[in-house]
Amino acid sequence: MEISGIQILLVFIFATIAGMGSCLDEFQTHRPLIACTATGLILGDMTSGIIIGGTLEMMALGWMNIGAAIAPDAALASVISTILVVAGHQDISTGIAIAMPIAAAGQVLAIICKTVSVVFQHWADGYAEKGSTFGIDMCHYLALVFQGLRVGVPAVIVAMTVGTDAVQSMLAALPPVITGGLQVASGFIVVVGYAMVINMMGADYLMPFFFLGFVVAAFTDFNLVALGVIGLVAAIVYIQLNPKYQEVAAAPAAAAASSSSDMDDELD
């Protein structure tokens with residue numbers, strides 16, 4: 001597939017925004033489900049983007065920046081893997097497998113960019129001594145754009161070269177043992193991501209539903225829509241029957257009744 005100049009420009013703009021989102025952690029533009037879907041939409045195949053994004057999203061559930069620990073770069077992996085699948089005519093499984101080393105490479109690139117961004121901090125200190133709030137703001141914006149370019153520039157390079165024979169030959173030269181191993185590793189990472197999220201939730205009382213979902217998914221032919229409806233119904237029934245939620249709902253009514261009784265006593 002030949003990518004037009006407009007598509008390359010749009011990929012660059014969105015990839016840069018996704019790169020900035022991975023630092024801000026506010027607008028979630030760096031999440032695979034959003035980044036892959038948007039990139040697929042730009043390239044004309046949103047369906048493949050959604051499929052890739054949904055799979056990578058499960059893998060990246062436990063990826064987060066905590067303190068000085070930098071998580072694998074989900075934005076870079078999402079954008080480039082979608083370009084390789086849609087424009088490079090690679091299998092979705094191959095794109096997902098390639099996303100793992102790309103995310104690891106993006107992690108190293110993010111650390112380098114954050115180290116270089118210290119320069120902007122020193123510039124901001126100089127503007128602070130002068131009392132220039134505008135200069136401080138510009139240093140912050142420049143550092144943010146610099147972080148965005150670490151995703152935007154590689155994305156443009158891949159988008160401009162993905163249709164060439166050299167890139168196609170390189171992708172085709174990957175032995176099955178490598179791509180297969182990466183696919184197995186990506187499956188493990190999905191499980192680890194879920195485990196990290198469940199561990200942080202600390203909701204041990206909900207674990208029976210967790211294991212029940214595995215059993216239903218393994219021994220039935222229900223699709224994701226049916227499983228989602230079953231989960232929603234189970235959640236509604238659980239909330240209705242659990243005394244803990246009934247006590248919370250009854251507390252305002254009890255308070256209102258007590259207040260009304262006190263007013264009646266005062267009137268008497």
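Here is a short walk through the structure, from the whole chain down to one residue. Keep in mind that the model is predicted.

**Start with the whole chain.** Switch to cartoon view and colour by secondary structure: you should find 12 helices and 0 strands. Follow the sequence from one end to the other and the pattern reads α-α-α-α-α-α-α-α-α-α-α-α.

**Now put a surface on.** The chain exposes about 15,600 Å², and carbon and sulfur atoms supply 72% of that area. Of the 268 residues, 34% count as buried. If you draw contacts, keep pairs of residues at least 6 apart in sequence; among those contacts, 72% join residues at least 24 apart.

**Next, select residues 133-161.** This is helix H7, with 29 residues. How far does H7 reach from its first C-alpha to its last? The span is 42 Å, close to the 42 Å expected at 1.5 Å a residue. Then centre on leucine 149, where H7 bends by about 35°.

**Move to residues 46-59.** That selection is helix H3, and threonine 55 is found in it. Show the side chain of threonine 55 as sticks. Is threonine 55 buried or partly exposed? Its relative accessible area is 24%, so threonine 55 counts as partly exposed, given that buried means under 20%.

**Last stop: a distance.** Keep threonine 55 selected, add isoleucine 92, and draw a line between their C-alpha atoms. The two residues are 37 residues apart along the chain, and their C-alpha atoms are separated by 9.8 Å.

Key:
Residues are numbered from 1 along each chain as its sequence is written. This is a predicted model: local features need pLDDT of at least 70, side-chain atom pairs count only at pLDDT 80 or more; totals for chains, interfaces and linings use all residues. Side-chain values use heavy atoms; hydrogens and water are left out. Helices (H or I, at least four residues) and strands (E, at least two) are DSSP runs, numbered from the N terminus. Buried means under 20% relative accessible area, exposed over 50%, partly exposed in between (1.4 Å probe, protein chains only). Contact means heavy atoms within 4.5 Å. Accessible areas come from the Shrake-Rupley method with a 1.4 Å probe; for residues, only the protein chains shown count as cover. The expected span of a helix is 1.5 Å times one less than its number of residues. The bend at a residue is the angle between axes fitted to the seven residues ending there and the seven starting there.
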